[in-house]
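Let's take a walk through a protein model together. Keep the 3D view open and turn it as you read.

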Amino acid sequence: MNEWTLQTIALHSLAKVFPEIAPSEGDRLQLCSFLENEPFSFQIAYKFRENTMVSDTIYARISTGLPVSFFDVGFVPVFQASAPNLNDKYRAGLFPDPLFEKKINPKIRQKRFPSTTIFVEDDGLHISAQSDGWRCVWITINEQRKKLKAGMYPLTVEFFAQGTGDKVGEETVGLKIIPASLPKQKLKYTNWFHCDCLCDAHAVEPFDDRFWPVFADYVKKASLNGMNLLLTPCFTPPLDTPVGKERKTVQLVGVKLENGEYRFDFSLLEKYISVAKKNGIEYFEHSHFFSQWGASSAPKIMATVNGRYQQLFGWKDAAWGKKYTAFLHAYIPALLAFLKQRGWDKRFVFHISDEPSTENIQSYRKAREAVGNLLDGYVVGDALSHYEIYKERIVQTPIVCTDHIHDFYGRANHLWAYYTGGQCFDGLSNRKLNCSGERNRMIGIQMYMHEIEGFLHWGYNFYYDMLSQGVANPYINSCFYSGGNPGTSYLVYPAQNGCVQSIRQKVFYEGINDMRALLLLEKLIGKEKTREFVEGYFGNVTFFTHPGTATNLLNFRRLLNEKIEDCLAEGGRE
């Protein structure tokens, strides 16, 4: 810490800065190396020293030769921070998470008032400092993932009081870019995108003119943080819906039924895919063909029937009934023909029904049989927890809950992983607000060691309560979905014309990049030696392996970077 009016300390990205708790020296930024095309984030916590200032508006200037994204860290209330078997011991209060983007190096102009001179930032993007509570800024280098030049780079952040223009604080860190690049991300990564939540949070109608700019911003910020697979509501997704009830219609595919024949309009679907691809998405997952938790019914599907727009299918229609089966056998070939024509068909993932259990194997089997061989050759996967279901050979690609995944590892092909809010006990990774940064990030090493091909989470922007009841404001109540699972249903926050990124979102992506770094090392020294390198540090890695401390996990990544650099120096540049 320095002797400026503003007390500051540079911290690693896994630290949580609470207003009432002084940051720990153990969280001071130490590891500052990253690869040429890798984003790297850190934080600077600050507060006014006692007997200097009570509060003031400040702004920042950053000196470096690197591309910088600069954020003011916001706080959200967590009313229930403790949870059974969760060893991340936090108490209720204000938790850091939203990242409000700010401009650096603002142009300053003077505006004279009768009694003083005010320095005004042209864009009005200020941050605040107080003497009673710690605040924090978040800095991400190379958020756009360009290939930077390797070398050493100093970075200095200077803070100025807006009212006087006086410099009140400064932090300098040294950054090292290693002469190597992360390989292309192989992991398919999705957080389910809820178009109805977007509409209700932003007061827009599904797919109207005001919908698309907001949608584009949400998608862009998802892809910036590693998400490359997007839930696509060809029909309104039958997720978190009470039996007999329905969610807002967000159906992309137009359906007409005339004289007993189906016709389909894919123009809106084409626009959805095109906008998403433009903003970084590579893969798409079709909404589920059958209802959740048992595959008993058809999803809600709207259609124009002999000139009248009405609901064609829903809860009243048996999943494997003749009427809905006939619909699927008309729809799926038409969809695939449309996708093939544009070269998109192999970029789609398909779902039958979400989270089947051992109690409804037979209904799931009948639903799968209703689809028949129409999707042969394509990825068809569902979230499940019981190996008994996979053993029946009715689920092609198992997307397995992390607390049950060890029953599948080595016994199932093309294994994917998922978790909900419940998987945070006994060392399991999770990204809820009341989970530590190291618990969040450890998922990348776990996925590498288990050769996971995809990761799914059910909530990118789910702003409803249980079973899609009501609309909640995550800035005010982060625990709306489930009191003991704060933040479990969303990763981003609504903003005026899009969304605000989160700390949890960026830390999870750091885990994915740890996985990519291990894949790079595997390319250099082979899989067996790479696994030995990991196990030599952590021992036998399971999904219950906790890194211990943030320092321990960051030290592993430092050693991994050094190993990559040494291998390249010995064998020449990759």
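We'll start with a sheet, move on to salt bridges, and end at the surface. Keep in mind that this is a predicted model.

Find the open sheet of eight strands first; its strands pair in parallel, in the order β13-β24-β23-β22-β21-β20-β17-β14. At its edges sit β13 (188–191) and β14 (229–232), and each of these pairs on one side only. If you ignore direction, neighbouring strands in this sheet are turned by 25° against each other on average. Now zoom in on β23 (residues 416–418): three bridges join it to β24, and the two run parallel. One residue to look for here is Ala417, whose bridge partner in β24 is Phe455.

Next up are the charged side chains. Side chains of opposite charge can pair when their charged atoms come close. How many salt bridges does a search of the whole structure find? The count is 24.

Take Arg247 and Asp196, whose side chains meet in a salt bridge with 2.8 Å from N to O. Arg247 belongs to the loop between β14 and β15 (254–258), while Asp196 is part of helix α1 (residues 195–202), so this pair ties together parts that are 51 residues apart in sequence. Both Arg247 and Asp196 are buried.

Another pair is Lys300 and Glu246, with their closest N and O atoms 3.2 Å apart. Lys300 lies in the loop between β17 (283–286) and β18 (301–305), and Glu246 in the loop between β14 and β15, so parts 54 residues apart in sequence are tied together. Are these two buried or exposed? Lys300 is buried, because its relative accessible area is 9%, but Glu246 is exposed, because its value is 52%.

Now go to Lys527, in helix α10 (residues 527–538). Leaving aside residues up to four places away in sequence, Lys527 touches Tyr448, Glu451 and Glu522. With Glu451 it shares a salt bridge (2.8 Å, N to O). That links distant parts of the chain, as Glu451 sits in the loop between α8 (443–449) and β24, 76 residues from Lys527. Lys527 counts as partly exposed at 38% relative accessibility, and Glu451 is partly exposed too, at 42%. Salt bridges can also share partners: Glu38, Arg441, Glu510, Asp514 and Arg557 are joined into one network that way.

Last stop, the surface. Trp293, Met466 and Leu467 make a nonpolar patch of about 270 Å² there. Leu467 is found in the loop between β24 (454–457) and β25 (493–494), and it counts as partly exposed because its relative accessibility is 32%.

Terms used: Residues numbered from 1 in each chain as written. Predicted model: local features only at pLDDT ≥ 70, side-chain atom pairs only at ≥ 80, totals over all residues. Heavy atoms only, no water. Patch = residues over 30% accessible without salt bridge, like charges linked within 9 Å, V, L, I, M, F, W, Y side chains within 5 Å. Areas by Shrake-Rupley, 256 points an atom, 1.4 Å probe, with all protein chains shown as cover. Salt bridge = Lys/Arg side-chain N within 4 Å of Asp/Glu carboxyl O. Helix = DSSP H or I, 4+ residues; strand = E, 2+ residues; numbered from the N terminus. Buried < 20%, exposed > 50% of the residue type's maximum accessible area, 1.4 Å probe, protein only. Contact = heavy atoms within 4.5 Å. Pairing = 2+ DSSP bridges. Axes fitted to C-alpha atoms, helices over the stretch in contact; angles between N-to-C directions.
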